[in-house]
Amino acid sequence: MFASKRTSTVIAEGLTIIGNVSSDGAVQVNGQIDGDLNCASITVSPKALINGGVKARSVVVKGKVEGPIVGQEVVLESQAFVTGDIQAQTLLIERGAHFEGRSSQELLGL
């Protein structure tokens, strides 16, 4: 989906980052981030928690996000728990996912 030259970063389970995180590549969050996350693509694992905004072209949430999400493609899988507004070109919410906020569809320059 994205160029293979991009790097991947994993935030391990049990690791908490306090502050904003930026990456040119993909980020998989298994732990916790207390701050904003800006990257090419993000996967929020089932036990992960993000307290802050998320901005990426591709966003897949399986865990918990408390803050706004901005992305071209946003997927909330069945175990996702999102509290915050979502701004996306495409939004898929699977049965069982919890979403509390507003969604808007806009063309984004990500």
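**Figure 1. Pairing of strand 14 with strand 16 and with strand 12 in the predicted model.** Strand 14 and strand 16 (residues 103–104) run parallel and are joined by 2 bridges. Strands are DSSP runs of E with at least two residues, and helices are runs of H or I with at least four residues, both numbered from the N terminus. Two strands count as paired if DSSP finds at least two bridges between them. Within this pairing, glutamine 87 stands opposite serine 104 of strand 16. Strand 14 (residues 86–93) is also joined to strand 12 (residues 69–76) by 7 bridges, and these two strands run parallel. Glycine 71 has alanine 88 of strand 14 as its bridge partner. This is a predicted model, in which local features need pLDDT of at least 70 and side-chain atom pairs count only at pLDDT 80 or more, while totals for chains, interfaces and linings use all residues. Residues are numbered from 1 along each chain as its sequence is written, and side-chain values use heavy atoms, with hydrogens and water left out.

**Figure 2. Surroundings of valine 75 in strand 12**. Valine 75 counts as partly exposed because its relative accessibility is 21%; buried means under 20% relative accessible area, exposed means over 50%, and partly exposed lies in between (1.4 Å probe, protein chains only). Leaving aside residues up to four places away in sequence, valine 75 touches Val59, Val60, Val61 and Leu92, where contact means heavy atoms within 4.5 Å. The C-alpha atom of valine 75 is separated by 14 Å from that of glutamine 28, and the two residues are 47 apart along the chain.

**Figure 3. Parallel pairings of strands 1, 4, 7 and 10**. Strand 1 (residues 8–11) pairs with strand 4 over 4 bridges in the parallel sense. Valine 10 has glutamine 28 of strand 4 as its bridge partner. Strand 4 (residues 26–29) pairs in the parallel sense with strand 7 (residues 41–44), again over 4 bridges. Here glutamine 28 is matched with threonine 43 of strand 7. Strand 7 in turn pairs with strand 10 (residues 58–61) in the parallel sense over 4 bridges, and the bridge partner of threonine 43 in strand 10 is valine 60.

**Figure 4. Glutamine 28 and the two faces of strand 4**. Side chains alternate along strand 4: Val27 and Val29 point to one face and are buried, whereas Ala26 and Gln28 point to the other and are not. Glutamine 28 has a relative accessible area of 34% and is therefore partly exposed. Not counting residues up to four places away in sequence, glutamine 28 touches Thr9, Val10, Ile11, Thr43 and Ser45. Glutamine 28 and glutamate 106 are 78 residues apart in sequence, with 25 Å between their C-alpha atoms.

**Figure 5. The whole chain as context for the close-ups.** The chain has 0 helices and 16 strands. Its radius of gyration is 13 Å, close to the 13 Å given by the globule rule for 110 residues, so the chain is as compact as a globular protein of that length. That radius is taken over C-alpha atoms, and the rule is 2.2 Å times the number of residues to the power 0.38. Along the principal axes, the C-alpha atoms fill a box of roughly 30 × 30 × 20 Å. Of the 110 residues, 39% count as buried. Among contacts between residues at least 6 apart in sequence, 8% join residues at least 24 apart.
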